[in-house]
Amino acid sequence: MGRSRAALVAACSLLIAVTVPAIARATDGPGPVCDHQPAEHEEAPPGAVSVDPGVDGDLSAKTAANPPGTTFWLRPGTHTLGTDEFGQVAPKDGDVYLGAPGAVVDGRGVNRAAFTQRARDVELHGLTIRGFAALQDQGVVNHDSGDGWLIENTTIEDNAGAALMAGARQVVRHSCLRDNGQYGLNAYQAGDGITGLVLEGNEITGNNTGDWETKVPGCGCSGGAKFWAVNGADITGNWVHGNHGAGLWADTNNNDFLVEDNLFEANDAEALFYETSYNLVLRGNTFRRNTLVQGRAFASRGDNFPAATVYLSESGGEPRVPARTSSIDISGNTFEDNWAGITVWENADRFCNSPANTSTGYCTEVAAKSSCTAGTIEKPPAYDDCRWKSRRVEVHGNTFRFDPGRVGCTSLCGRMALLSNYGTFPDWSPYKGTVVQEAITFRQGNRWHDNSYAGPWTFVVHDTSKTVDTAGWRAGPYSQDECSSFDGGTAGC
């Protein structure tokens with residue numbers, strides 16, 4: 001969580017009192033998955049073990065009794081896992097679970113988790129999993145972050161905690177992660193070993209029903225999906241909407257994300273929050289009516305921090321961290337009537353070993369923690385490498401449309417931002433004063449160009465006290481948005 005989270009957390013206490021406009025479903029792009037999954041596995045395949053919903057705990061018992069690589073067929077009906085809070089299924093390597101139409105695994109508000117332990121290459125198809133009482137930051141499916149899991153055509157809904165954890169090479173495809181208490185997905189694994197994560201064609205909606213940012217102020221523990229130290233993720237063709245907080249939130253040393261061809265609609269806060277992370281391709285997505293709840297909360301109390309639909313906080317391109325790109329490339333996206341556009345922010349007080357770094361125990365990917373201390377951090381290479389830098393951000397070929405009447409705002413909306421704060425903390429920081437403000441604005445390769453704008457956009461630049469109009473944004477010393485159009489026309493020189 002960055003500096004801005006202080007502002008974001010304060011906003012969360014107001015979220016309940018603000019009504020989100022109804023989601024207008026798009027006619028193109030990703031669409032409904034929840035309640036629209038195919039009816040499959042109507043009969044048990046040859047060799048499958050049939051699981052009886054009339055026998056409490058039958059799924060757990062038969063999983064324990066059979067060897068690795070067994071296929072289980074869950075008959076139609078409600079399957080339960082006993083009356084103990086630790087009633088659960090512990091798959092073995094290669095186990096496959098197939099749900100017949102109408103097969104539900106129900107925790108009845110008693111069991112904490114459905115599928116647990118660290119088996120590899122487990123598959124779930126066609127199930128509905130609901131009613132589990134997971135604890136904070138824990139998940140119902142793949143509770144212990146096993147590697148190689150495939151979750152397909154499955155609905156995980158109405159649970160506490162996270163619907164789903166993640167391991168390396170996990171694939172979640174055409175599944176419904178709906179109305180869970182904390183997250184739809186919590187992509188965290190002890191030891192930070194998640195690589196090759198795939199989210200394809202899912203619907204992620206209504207999550208964080210427990211309003212965790214109010215329940216545990218400053219936790220940074222909510223959203224449609226949260227990613228922690230994931231190295232390589234393809235997030236394509238999903239419908240991410242109506243989440244009570246951020247839609248997708250990548251927090252701390254994530255790298256090499258492709259976020260492409262998704263539809264983000266009516267998420268209360270940011271559609272995409274990319275924090276202290278590296279190397280992102282954000283391409284071909286549609287963003288509609290996001291950040292309205294958070295934006296209105298900020299405006300109602302006069303908070304001038306630029307709430308964003310896409311928020312890059314201490315995140316940038318880093319060629320020394322291997323990825324498919326060495327930049328943050330934001331291109332070919334369409335933004336329609338969101339509270340705001342893109343904010344590129346860097347907290348001058350947040351760096352490796354600083355008390356202002358809330359990702360406790362983590363350092364940047366290009367510095368040794370031992371070098372980021374008083375007496376050493378002032379000299380290169382530590383001076384450059386101990387900061388998570390918002391740099392090498394390129395925003396181009398996007399369409400930004402904003403009508404304040406349709407959004408329902410009168411101030412502090414329709415803004416794009418590139419800024420930092422005045423450095424003050426800790427006393428041994430070499431980044432005090434305007435050092436980072438100058439760097440992010442002029443020296444870190446952050447560039448907007450060839451975009452198309454419609455509506456009364458303004459631009460916050462250098463720090464929160466400086467707001468400029470289109471002419472000021474394009475003129476020196478900022479010189480942004482070369483070859484862009486500001487009348488709704490086609491960009492180009």
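# A walk through the model

Start with the aromatics: select Phe264, Phe287, Phe335, Phe400, Phe402, Trp448, Tyr453, Trp457, Phe459, Trp473 and Phe486, which ring pairs link into a cluster. Keep in mind as you go that this is a predicted model. The cluster is part of a wider theme, since a search of the whole structure turns up 25 aromatic pairs.

**Two ring pairs to zoom in on**

Now pick Phe305 and Trp345. Their ring centres are 5.0 Å apart and their planes meet at 80 degrees, so this pair is edge-to-face. Trace the backbone out from each ring: Phe305 belongs to the loop between helix 4 and strand 26 (310–313), while Trp345 is in strand 29, so the pair ties together parts that are 40 residues apart in sequence. Are these two rings buried or exposed? Both Phe305 and Trp345 are buried.

Next, go to Phe442 and Tyr478. Here the centres lie 6.0 Å apart with the planes at 5 degrees, so this pair is stacked. Phe442 sits in helix 7 (residues 435–443) and Tyr478 in the segment after helix 8 (470–474), so parts 36 residues apart in sequence are tied together. Switch on a surface and check the two partners: Phe442 is partly exposed, at a relative accessible area of 35%, whereas Tyr478 has 16% relative accessibility and counts as buried.

**Charges over rings**

Stay with the aromatics a little longer and show Trp212 with Lys215. The charged end of Lys215 sits over the Trp212 ring, 4.2 Å from its centre. Then jump to Tyr431 and Arg387, where the charged end of Arg387 sits over the Tyr431 ring, 5.4 Å from its centre.

**The sheet**

Switch to cartoon view. What is the strand order of the open sheet of 12 strands? Follow it across as 3-5-7-10-13-16-19-22-25-28-31-34, with parallel pairing. At the edges you'll find strand 3 (77–79) and strand 34 (452–454), each of which pairs on one side only. Going from one strand to the next, the twist averages 10 degrees.

For one pairing in detail, select residues 203–205 and 239–241. These are strand 16 and strand 19, and they pair in the parallel sense over three bridges. Look for Glu203 here: it stands opposite Trp239 in strand 19. If you want the backbone view, remember that strands of a sheet pair through backbone hydrogen bonds.

**Disulfides**

Now select the cysteines. The structure holds six disulfides. What pattern do they follow when bonded cysteines are counted along the chain? The pattern is 1-2, 3-4, 5-6, 7-8, 9-10, 11-12.

Three of the links make good stops:

- Cys34 and Cys176: the sulfur atoms of this disulfide are 2.0 Å apart. With 95 degrees about the S-S bond, the link is right-handed. Cys34 lies in the loop between helix 1 (4–12) and strand 1 (49–51) and Cys176 in strand 13 (residues 176–178), so the pair ties together parts that are 142 residues apart in sequence. Cys34 counts as buried at 5% relative accessibility, and Cys176 is buried too, with a relative accessible area of 0%.
- Cys219 and Cys221: a disulfide joins these two, at 2.0 Å from S to S. The link is left-handed, with -75 degrees about the S-S bond. Cys219 counts as partly exposed at 22% relative accessibility, while Cys221 is buried at 3%.
- Cys372 and Cys386: their sulfur atoms are 2.0 Å apart, and the link is left-handed with -90 degrees about the S-S bond. Cys372 is in the loop between strand 29 (342–346) and helix 5 (382–385), and Cys386 is in the loop between helix 5 and strand 30 (393–396), 14 residues apart. Cys372 is buried, with a relative accessible area of 0%, and Cys386 is buried with a value of 0%.

**Two helices to finish**

Select helix 2, residues 58–65. Which of its residues are buried? Asp58, Leu59, Ser60 and Thr63 are. Show the neighbours as well: what covers these buried residues of helix 2 includes strand 1, strand 2 (71–74), strand 4 (96–99) and strand 5 (103–106).

Last stop: helix 4, residues 292–300. Colour its buried residues, Leu292, Val293, Gln294, Gly295, Ala297 and Phe298. Then step just past the helix to Gly302, which takes a positive phi of about 75 degrees. From there, Phe305 in the loop between helix 4 and strand 26 takes you back to the edge-to-face pair with Trp345.

Terms used:
Residues are numbered from 1 along each chain as its sequence is written. This is a predicted model: local features need pLDDT of at least 70, side-chain atom pairs count only at pLDDT 80 or more; totals for chains, interfaces and linings use all residues. Side-chain values use heavy atoms; hydrogens and water are left out. Two strands pair if DSSP finds at least two bridges between them. Helices (H or I, at least four residues) and strands (E, at least two) are DSSP runs, numbered from the N terminus. Axes are lines fitted to C-alpha atoms, for helices over the stretch in contact, and angles run from 0 to 180 degrees between N-to-C directions. A disulfide is a pair of cysteine sulfur atoms within 2.5 Å. Buried means under 20% relative accessible area, exposed over 50%, partly exposed in between (1.4 Å probe, protein chains only). Contact means heavy atoms within 4.5 Å. Rings of Phe, Tyr and Trp (its six-membered ring) pair if their centres lie within 6.5 Å; planes under 30 degrees apart count as stacked, over 60 as edge-to-face and the rest as tilted. A charge sits over a ring if NZ of Lys or CZ of Arg is within 6 Å of the ring centre and within 35 degrees of the ring normal.
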